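Hi,

Here is the structure I promised to pass on. Have a look at it first, and then read my notes underneath.

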Amino acid sequence: MFPSSGFSFTPSGLFSAYASLTGFSMLVRSILQDFVPEKLRLYLYGLFERFITPESKDLTVVIDDKFGVNRNQVYDAAETYLRNKIGPETKRIRVGKTPKEKHFTVSVEKGEEIIDSYENFEVKWIYVQTENERGNKEKRYYELTFDKKLKDKVMGSYLSHVVAASEEIKRSLRVVKLYSQDVYGSDDEDGCAGGNWGCVRLEHPSTFDTLAMNPDAKKIIIDDLERFLMRREFYKRVGKAWKRGYLLYGPPGTGKSSLIAAMANYLKFDIFDIELSSIADNGDLKRVLLSTTSRSILVIEDIDCSTTEVKDREVEDQEDIRTNSKVTLSGILNFIDGLWSSYGDERIFVFTTNHKERLDPALLRPGRMDMHIHMSFCTGIAFRTLVSNYLGLDGLNHPLCEDIERLIDSTEVTPAELAEELMHDEDTEVVLRGLVSFLEKRRSRETLQRRKLAMTKNIVVL
Ligand SMILES: Nc1ncnc2c1ncn2[C@@H]1O[C@H](COP(=O)(O)OP(=O)(O)OP(=O)(O)O)[C@@H](O)[C@H]1O
Ligand SMILES: [Mg+2]
């Protein structure tokens, strides 16, 4: 038995208790309404509400689009990050795209909630947009709500994770540009970043997936690029300029230019195509190189033909001192080794040549170019990539491909020549038979003493 009190716990007792409480609260409200000034009344209501509502265990962080007069980096990062977090529970989203963009841009509609999991907890994002009476947008912000206990984790590692992930998303969506001194202006709405350079979008479709190359050699290059990207702190610590140089050499049509495009598409770095013949002198060269932007690949193709002086350094040095009227190899090397160290970061240099033997030893010296990559004749294993690119075929499954691979391994044939053959007809059988007779003719013409070296053996890491 409960001890006797003013109320009995029967249904009718409870009802009468509720009725008297309601009556009391109405009486209090009407007294407040009639006799208490408005400000004090609102304050008392607030106190009353806090008293009867249990204290929330959640914390909400407001992330405005502006931080003072600047853009708020956390807001921008959240906007990008949340595009990839739109899940099945989201009911409304926005989609848009400019004519030149390749991808659709998706964003959350106002009021939509997005739940994100990180480590072992969840947070809730809401996009809020307020409008004034005329329907104009007034404020835009995100509300990020989570358990109060997680405050340190969210403000520390979670928000850093959002910013880092958004950078990665932006990098992957970046449009790669090809800068050239022969192009005027830009075909792009966001223009060209590099001084006097004109630019176009790099439409070269080459990627590491479509590049016909020995898989081991491909992996060495990709790993080297990755390591380069990761080592910013290392370069700073050892006081070296954060740059990497590659010399690509080999016969025409073996994929040197395709490899440069694949590197740019992989790293999302712009390409600056430096045409040495259109540069007046070393001073001009310096100006041109200084106006290139960070996170870019600086390319000098056919370095052996670009300046006659490259072939003979002594003559070149004398000429340089006498007239200073031409771009010289020492001008290029001085810039890369010297001035570059105190300027710019995240630069990749690529020189290409069909004739490595004609290059000045100064360029080949260890430490100058970090990696020498021999782009050689096609190998059977590299041919599989071409078959898959051009015929959409897994070469291993076709009976003719085994013969073709054997023929390729004993013939000097470039990927460009094979690509040409693979485009001759729509019919796979016709194409592959045509390729067999092409290779047989080529082989009978060739002197087979000159066996090519395996591509992997020709990559030298200095
Ligand atoms: N390794 C390769 N993988 C895939 N396609 C290739 C490869 N090499 C050449 N090709 C095809 O041949 C074309 C010409 O190749 P690319 O321009 O890359 O050769 P290159 O080595 O730069 O020649 P050059 O020395 O004449 O500048 C490419 O557009 C591509 O279609
Ligand atoms: Mg080329």
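Below is what turned up, starting with the whole chain and moving on to single residues.

One thing to keep in mind from the start: this is a predicted model. The protein has 462 residues, and 24% of them count as buried. Its secondary structure comes to 16 helices and 16 strands. If you take the contacts between residues at least 6 apart in sequence, 67% of them join residues at least 24 apart.

**The cores**

In general, nonpolar side chains in soluble globular proteins tend to be buried together. Here the largest nonpolar core has 61 residues, and Ile260, Ile297, Val299, Val350 and Phe383 are the ones with the most contacts inside it. Helix α7 (residues 256-267) supplies the largest share of this core, namely seven residues. Domain 2 (178-374) and domain 3 (380-457) each give at least three residues to this core. Apart from it there is another core of 15 residues, and Ile63, Val108, Trp125 and Tyr142 are among them.

Which residues does isoleucine 297 touch, once you leave aside its neighbours within four places in sequence? The contacts are Ile260, Met263, Ala264, Phe269, Ile271, Ile348 and Val350.

**Helices that pack together**

Helix α13 (residues 380-391) is a good place to zoom in, as two helix pairs involve it. The axes of α13 and helix α14 (residues 399-409) come within 8 Å and cross at roughly 130°, so α13 is oblique to α14. On the α13 side, Gly380, Phe383 and Val387 make the contact, and on the α14 side it is Cys401, Ile404, Glu405, Arg406, Ile408 and Asp409. This crossing is right-handed.

α13 also packs with helix α15 (residues 415-422), at an angle of about 35° and with the axes 10 Å apart. The crossing of α13 and α15 is right-handed. Ala382, Phe383, Leu386, Tyr390 and Leu391 of α13 meet Pro415, Leu418, Ala419 and Leu422 of α15. You'll see that Phe383 appears in the α14 contact, in the α15 contact and in the list of core residues with the most contacts.

Then there is α8 (282-290), which packs with helix α11 (residues 329-337) at an angle of about 35°, the axes being 10 Å apart. α8 passes α11 in a right-handed crossing. The residues involved are Asn282, Leu285, Lys286 and Leu289 of α8, together with Gly331, Ile332 and Phe335 of α11.

**Single residues to click on**

Is lysine 218 buried or exposed? Lysine 218 is buried, because 20 other C-beta atoms lie within 10 Å. You'll find lysine 218 in helix α5 (residues 215-230). Not counting neighbours within four places in sequence, lysine 218 is in contact with Phe208, Leu211 and Met213. Serine 206 is twelve residues away from lysine 218 in sequence and 13 Å away in space, C-alpha to C-alpha.

Tyrosine 266 sits in helix α7 and counts as partly exposed, with 17 C-beta neighbours inside 10 Å. Leaving out residues up to four places away in sequence, tyrosine 266 touches Thr207, Phe208 and Leu225. Tyrosine 266 and threonine 207 are 59 residues apart in sequence, yet 6.9 Å apart in space, C-alpha to C-alpha.

Alanine 280 is in the loop between β12 (270-273) and α8. Alanine 280 is exposed, as 12 other C-beta atoms lie within 10 Å. Lysine 326 is 46 residues from alanine 280 in sequence, but the C-alpha to C-alpha distance is 5.9 Å.

**Two positive phi values**

Most residues other than glycine have a negative phi. Lysine 268 has a positive one, near 60°, and its place is in the loop between α7 and β12. Lysine 268 is partly exposed, with 14 other C-beta atoms within 10 Å. Arginine 295 also has a positive phi, near 55°. This arginine lies in the loop between α8 and β13 (296-300) and is partly exposed, with 17 C-beta neighbours inside 10 Å.

Over to you!

Definitions and conventions. Residues are numbered from 1 along each chain as its sequence is written. Chains are lettered from A and ligands numbered from 1 in the order in which they are written. This is a predicted model: local features need pLDDT of at least 70, side-chain atom pairs count only at pLDDT 80 or more; totals for chains, interfaces and linings use all residues. A nonpolar core is a set of buried Ala, Val, Leu, Ile, Met, Phe, Trp, Tyr and Cys residues joined through C-beta atoms within 7 Å. Helices (H or I, at least four residues) and strands (E, at least two) are DSSP runs, numbered from the N terminus. Domain bounds come from an automatic or database domain assignment. Two residues are in contact if their C-beta atoms, placed from the backbone, lie within 7 Å. Axes are lines fitted to C-alpha atoms, for helices over the stretch in contact, and angles run from 0 to 180 degrees between N-to-C directions. Angles under 35 degrees count as roughly parallel, over 145 as roughly antiparallel, 65 to 115 as roughly perpendicular and the rest as oblique. A crossing is left-handed if the near helix is turned anticlockwise from the far one by less than a right angle, and right-handed if clockwise.
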